[in-house]
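Hi everyone, thanks for making room for me today. I'd like to walk you through one structure, beginning with its pockets and then moving on to how it is put together. Here it is on the screen.

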Amino acid sequence: MSREFSTDATEEQKAVACHHWSKTVDDNLDNQTLYDRYSEGAKAYDEVVTVFNSQGQKELAKTTAERFPRNRENVRILDIAGGTGKCSVELRKHGFRKIDGTDASEGMLNVAREKGRYDRYTVGELGVDALDAATDTYDAITICGLNVPVLKKLPIEAYEEMIRVVKKGGYIIWASFDNVFTDDDPELADRRKHVRTLEAQGKWKHVELRYFKNYLRGSNGGVSVHQIC
């Protein structure tokens, strides 16, 4: 059963979470304004995600663990759109230890730094800034919670840059709302085109798609896995 809020959330917590949500889902915002709004609400973000009954980070970490059944302490992960580091918390529960984080919101990363959730912290905008890593640095990239209006505008170069920093045979593991991984939303046509173009070019291959309940706010989600070729 999907639930919009966690069962123990108070009415006040629900109101705060809804206010934060309303400031970050406007398709008409330019990206920098959006990132600034995330920074303004960064201190409350962990609670907002909990109040909204988000299972995305847990499901992403579960899938990542399945892809790396052994030696997880030596697996290098880059968590993109990592925000306050909620994904890192779940990944570490599975034994992963070498996790770097990057996000376009400096305020969100500052919270992650205060909590010691990553090894390295890099402020940068996916699709605009090059990733601060050498080619073939990571065994995997994880992404959970990348704002959908931002996702819709990602150029193919963003996907190529992610592929560049992951080793051959490694993975890009992405959790989001379930419709991101279907052909239903016309506004995500560019994403589908980019993904399939890179598959046709032999840059990566799609190896898994799994759906789950309660990605965020009662909406269901999916985890998609591409392996680097």
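Let's start with the largest pocket, which has a volume of about 450 Å³. Please keep in mind that this is a predicted model. Lining that pocket are 38 residues, and the ones nearest its centre are A81, G82, T102, D103 and A104. If you sort the lining of the largest pocket by class, you get 19 nonpolar, eleven polar and eight charged residues.

Where does that lining come from? Helix 2 (31–40), strand 1 (76–80), helix 5 (86–93), strand 2, strand 3 and strand 4 each put in at least two residues. Strand 2 gives the largest share, with four residues.

Now for the second largest pocket, with a volume of about 360 Å³. Here 22 residues form the lining, and W21, Y38, G145, F177 and L216 lie nearest the centre. Two or more residues each come from helix 1 (11–22), helix 3, helix 7 (148–152) and strand 6. By class, the lining of this second largest pocket has 14 nonpolar, six polar and two charged residues.

Besides the pockets, how many cavities of 30 Å³ or more are there? The count comes to one. This cavity has a volume of about 50 Å³, and the residues around it are Y159, I172, W174, R191, V195, W204, S224 and H226. Strand 5 (166–177), helix 9 (189–200) and strand 7 (219–228) are the elements that give two or more residues to that lining. In terms of class, the cavity lining has five nonpolar, two polar and one charged residues.

Several of those strands belong to the sheet, so to speak of it next: seven strands make an open sheet with mixed pairing, and the order is 3-2-1-4-5-7-6. At the edges sit strand 3 (121–123) and strand 6 (204–216), each pairing on one side only. On average, neighbouring strands are turned by 15° against each other, direction ignored.

If you'd like one pair to look at on the screen, try strand 4 (residues 138–144) and strand 5. They pair in the parallel sense over six bridges. There you can find T142 opposite I173 of strand 5.

Which helices pack on this sheet? One is helix 6 (residues 106–114), which touches strand 2 (98–103) and strand 3, and its direction makes about 175° with that of strand 3. Another is helix 9, which touches strand 5, strand 6 and strand 7, with its direction at about 150° to that of strand 6. You met helix 9 a moment ago in the lining of the cavity.

Last stop: a pair of helices. Two packed helices are described by the angle between their axes and the distance between the axes. For helix 3 (residues 42–51) and helix 6, the axes come within 8 Å and cross at roughly 75°. An angle of 65 to 115 degrees counts as roughly perpendicular, and therefore helix 3 and helix 6 are roughly perpendicular to each other.

Which residues meet there? From helix 3 we have A42, K43 and Y45, and from helix 6 we have G107, M108, V111 and E114. The residues of this contact divide into four nonpolar, one polar and two charged.

That's my tour, and I'm happy to go back to any part of it. Thanks for listening!

How values were computed
Residues numbered from 1 in each chain as written. Predicted model: local features only at pLDDT ≥ 70, side-chain atom pairs only at ≥ 80, totals over all residues. Heavy atoms only, no water. 1 Å grid on protein atoms, 1.4 Å probe; cavity = no way out; pocket = protein on both sides within 12 Å on 5 of 7 lines; lining within 4 Å. Points joined across faces, edges and corners; volume = space filled by probe spheres on them. Nonpolar A, V, L, I, M, F, W, Y, C, P; charged D, E, K, R; others polar. Pairing = 2+ DSSP bridges. Axes fitted to C-alpha atoms, helices over the stretch in contact; angles between N-to-C directions. Contact = heavy atoms within 4.5 Å. Parallel < 35°, antiparallel > 145°, perpendicular 65-115°, else oblique.
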